[in-house]
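Thank you all for making time this morning. I would like to walk you through one structure, and I will take it slowly for anyone who has not seen it before.

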Amino acid sequence: MVNLNPQTIADIEECLRALLQPNNDIIKAATDKLNKLLKKSEYSLYLFHLLESSPYDEIKQLSAILLRQKLVAHWTKFAVESRKYIKESILKLVVSQPSQLVRRSISEVIIIIARLEVATGTWGDLFPFLTQLSSSPDTIVRQIQIHILDSLISNVDVFLKYFPQLPTVLSQAVVDPQLSVRALAVRAIGSSIYAVQTDSKLKPFIDLIPTTLQVIKQCIENDMEDDVISAYEIFNDLIESPYSSIKAHIALIVNFSIEIVKQPEIDNSIKTIAIEFLETCIKYQPKILKNSNLLHPILEILFNILTLESDSSIDENDYEYNIFQSASVAIKECGKSYSSKIIYYPILPTLKQFSESQNVNHRNAAMIIIQQLSYGCIETMKDDLDTIIQFVLRGLKDQERKVRQSACVTIGKLSQTLTPEIYKYTSQVFPLLFEQLSDPDDQFILRCCFALENFLLNLDSEELIPILPNVMEKMGFLIQRQNIQVKEFALSVLSAIAIAIEDKFEPYFNQVYKTAIELSKGANIQDPKYYLQVAQSFDLIAALINTIPKDRFKPLLEELFTFIHDTVEMVAGGKSSEIVESAFNFYSNAFELFGEEIGKLLPPIYLQVFKSATSDDGVVSHSENSGSSIRGIDNEGEDQDIQGDEADDSNGFSVRTSFLDEKSAALRCLAIMAKSLPDSYFPHIETTVQIIEPCAAYFHEDIRESALLALQSLITPINHKFPPATPWVKGDLQHQISQQVRIILDFSFQIYNHIFEMETKKEVVARACGCIAQTIAQLGPGAIAPYLGDFGQSLLKIFNNSLYCQTYSSPDTNDENDINNDDDDDDDENENNEDEDGGNDDDNFDEDEDTEFQLIDMACECIIEMATVMGKDFKIYLDASLPFLFKLSRSSSIHHSIRAVVIGTIAECFKLIESDYSTYLPRILKFTWKALKNQDESTKVQRVCCFLLGVTLQNSIQASQDQYVQSLQLISPIIMKADQDPLVLDNAIGCICRMIAGNQSFVPVATALPVLISKLPIQKDHEEIDPVLNAFLVLFNTQFDLVAPHTQTIVQSLAPYMNKSKYSLKQITTDKIQQIIHSLIIKFPDQMKQVLSTIPEFSNIKF
């Protein structure tokens, strides 16, 4: 090695000694001097000299740590002789040093050099040296050997090329006499499996998994928790591996984990790790668990955990709390990953058993299980809500507060997911909730308020107003309590009420507004304990905006904006994301209602919101290897690729959930501002566009979703500023939009296409479809014509279950063993297997009832919007989609909610396009008749089948009288059923009316008309009013004598439609009613005058 200056050696050694002094000023001076000296690569050689020759272990260790920091930048600048000398010497040093700390620090330097040299094959001595360490009697040396190997495995192809003995070395290490070595070997085996990219190279490592499980068991027995955590982190990574050789061992690891959880003597912290692994398996490999018959054992241990004795006051940081939470989340993943056939129905007997148990913990567990299943089994639980609600009502009446508390939380959760169906039970649920509010325990009251807030949020105002005085009085008492959390939840309940009833809340406005202002302005904003109180106050103020007339609220706005803006500035930067999010909620509500009337307030608000939208304050990077570097020493010039590899090994990051909520709220607020203030927002479009792409590719799906909303909103101000020369009209695919709008559309569809191709979350893809649907409705056919090819293909993939988000780690839980396709469906498939029904089998369709429904629903919304703006020109695209839609509509493997959406979409498109559908009539008759015959079919499917049947018959020139007769025979019992669902009844009426309008000669009007009239007016589905009016117009014009005797009844049935507060009708519909009335007046002036005089809705009719 080159000659070194003795004075420089002394200077560097003096600096290193200074770093060991307990004096900050001395340390800073030494750090500054070292940074100046070590900028030159040759000075790293001095560090190696001190590492090699200093008599002091402390100096050697510091030299090694600094050398590690500097070598990446300096190594290639050393002379060849120096590099050769260091490589030879450092291998001797690592085994010869007496100090363990020094040896470990030297091993880190070896790792850095190896990463630079192994790839080029220029350190031939390294691997023979590492191999011989297996026989070293020194445990520390063997530990170092495995640690170095583990650190180098990331570049596994190069590594195996020069060190094919790796599997052999690891197989020896995993049975080493010392457990510490065996534990390190487990980590290295996991790293090898994770790094190897081919099945053929995996086998020698995979074969070591049974042995590694024995080592983990020994680590558990010896309280080596960190090693167990490391091993399970590897297992969690392996779960997502695509290789079959790994999947073959998943069942083994799962069984091992189940046994860990079963052992009473094992600490809860270890059990929690095992449960989290099981949760990961459920999420990513559910079919393996099902096929290996492991789902039932997993559920059994999860239920057992939930039924253990627990203290309801345990802290959220305790391991006891963590294991309960982990078990709950695992059940939640079961509901999301498996079809209801596999998870929901088999659990019902257990729920019944737990609910009726004498054991309070069993009754409490029943509530928690229902909460968790509601995240994934939404549609099935809606269908079976009678059963579920009885369990929860029993919980609300339970003598034990613990169970009542969980039941309150369950009501809150169900109110978030099972609306509006849950409101059928308002008369049973609300009194029980209200009764709980008298409890003196504040923690219990918090759960009650949570339930009340969510239950009231979407409750029909007609049901809420009668009980409102009692609720408001109770909230007034709760706000007076000393407990800050109780105040916060009371404010949340008031917000929910204000949102639910809007202007009917006006009598309470003054007092509630005063309370919100006092609790926000009066709070000490420097004290974090008041942050949520202020946030909830802002949310309440935001909710109050729509409760009084605009001219009454507007004078309050400027002062409110200033106060809220200034409050946000005081807590920005991560102090309270909750306050910031609530402030953005207020801005959104205010701008949405007042629009350009308050445009002058936008500039400072935009800057504040934009700052949050671009912030990464909530993402905290941290290193697990804090001892490998010295604070204050520069790492300038390091090679980014190698540094990145190091970061993967030693660094991680954590994210504040509240930060993500704030960032998402900011993007949504930008979207509302862009739509509501097209003039004022226009100057900010360029800066907004710049953040869309990175946010649309953000690591968290909520941010990606919100970014898509912001992207779509930009069309409004751009189109407002640069409108088309003429408004678009239906079917005009040549309609020209401005160049500026075309630019933003090109940019938008570039992002949408990337989402379709690469996005893994179905909810994000669903959001993209929703944004496209809005764009179609807003800009018309000409705007989206250039994108129909690519976008149309993506839609077809969605309907064929082959889009990337549907195939990426798809649970794929519906296989031939789960599905019993009926004979008719099988016949259909056989009849059409040569052409129409290509693609994936129904059995492969993923039944994630929530996200899959969102995806299909939004894709269908796109089709409907395209049919709306394109009219007859859309038929060619619809014809291409119908084979896939038909397959979904009749598949017994698809949840009926998805089938209903698809069938409804076909019907809506048929109605909009108004073409001849005789070609499709036989097929449509087959599955609609089948659904209408089936008494067990869901009301959702029956409703849309009535709709589709009527639309198709009305628009099929070749429809026969026999087809009409058979359809009427199926529709009649539906109409006559005493307790028929109102939506089904409305669509059944609409079906017969469409048949009358299509071909009245095929309908026995004389017998059908009295029945139809007796079931009017249309109750819920107001879209069915038009078919009724069309049928009346046809009959009045063609069979007047037959209809005339029913004139008074018909007129009385039309009267409710004139009530604008209940029926918000289009002008064309109102015109039809007026047309019928006036034609009757002409024919029966005296009789009509008498009839109309008794009907207030027609009091303005002129004779």
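Let me begin with a question: with which residue does E705 form a salt bridge? Please keep in mind, while you look for it, that what you see on the screen is a predicted model. The partner is R767, and the closest N and O atoms of the two residues are 3.1 Å apart. E705 sits in helix 40, which runs over residues 701-713, while R767 sits in helix 43, residues 762-779, so this pair ties together parts of the chain that are 62 residues apart in sequence. As for their surroundings, E705 is buried, with a relative accessible area of 12%, whereas R767 is partly exposed, with a relative accessible area of 27%.

That is one of 33 salt bridges that the structure holds, and I would like to show you two others. In one of them, R404 pairs with D439, the closest N and O atoms being 3.9 Å apart. R404 belongs to helix 25, residues 401-417, and D439 to the loop between helix 26 (426-436) and helix 27 (442-457), so here the parts being tied together are 35 residues apart in sequence. Both of these residues, R404 and D439, are buried.

In the other, the side chains of R994 and E1024 meet at 2.7 Å, N to O. This pair links distant parts of the chain, with R994 in helix 54 (residues 982-999) and E1024 in the loop between helix 55 (1005-1014) and helix 56 (1025-1038), 30 residues apart. R994 is buried at a relative accessible area of 5%, and E1024 counts as buried too, at 1% relative accessibility. Elsewhere, salt bridges that share partners join E379, K382, E421 and K940 into one network.

Let me turn now to the cysteines, and ask how many disulfides a search of the whole structure finds. The number is zero. C669, for example, is in no disulfide, and the nearest cysteine sulfur, that of C695, is 14 Å away; C669 itself is buried, with a relative accessible area of 0%. For C862, the closest cysteine sulfur is in C769, at 4.7 Å, and this is too far for a bond, because a disulfide here requires the two sulfur atoms to be within 2.5 Å. C862 also counts as buried, at 0% relative accessibility.

What about the nonpolar interior? The largest nonpolar core has 398 residues, and those with the most contacts inside it are Y587 and M673. If you leave aside its neighbours within four places in sequence, M673 is in contact with F591, L602, I605, Y606, V609 and Y681.

Finally, a word on what the database record says, bearing in mind that the UniProt entry is unreviewed. UniProt gives the annotation "domain: Importin N-terminal" to residues 30-96, and in the model that span is 81% helix and 0% strand, with its end C-alpha atoms 30 Å apart. The record also places the feature "repeat: HEAT" at residues 388-426. Over those residues the chain is 69% helix and 0% strand, and the end C-alpha atoms are 14 Å apart. R404, which we met earlier in its salt bridge with D439, can be a handy place to start looking.

Definitions and conventions: Residues are numbered from 1 along each chain as its sequence is written. This is a predicted model: local features need pLDDT of at least 70, side-chain atom pairs count only at pLDDT 80 or more; totals for chains, interfaces and linings use all residues. Side-chain values use heavy atoms; hydrogens and water are left out. A nonpolar core is a set of buried Ala, Val, Leu, Ile, Met, Phe, Trp, Tyr and Cys residues joined through side-chain atoms within 4.5 Å. Buried means under 20% relative accessible area, exposed over 50%, partly exposed in between (1.4 Å probe, protein chains only). Contact means heavy atoms within 4.5 Å. UniProt positions are given in the numbering used here, feature names are shortened, and annotations may be inferred rather than shown by experiment. Helices (H or I, at least four residues) and strands (E, at least two) are DSSP runs, numbered from the N terminus. A salt bridge is a side-chain nitrogen of Lys or Arg within 4 Å of a carboxyl oxygen of Asp or Glu.
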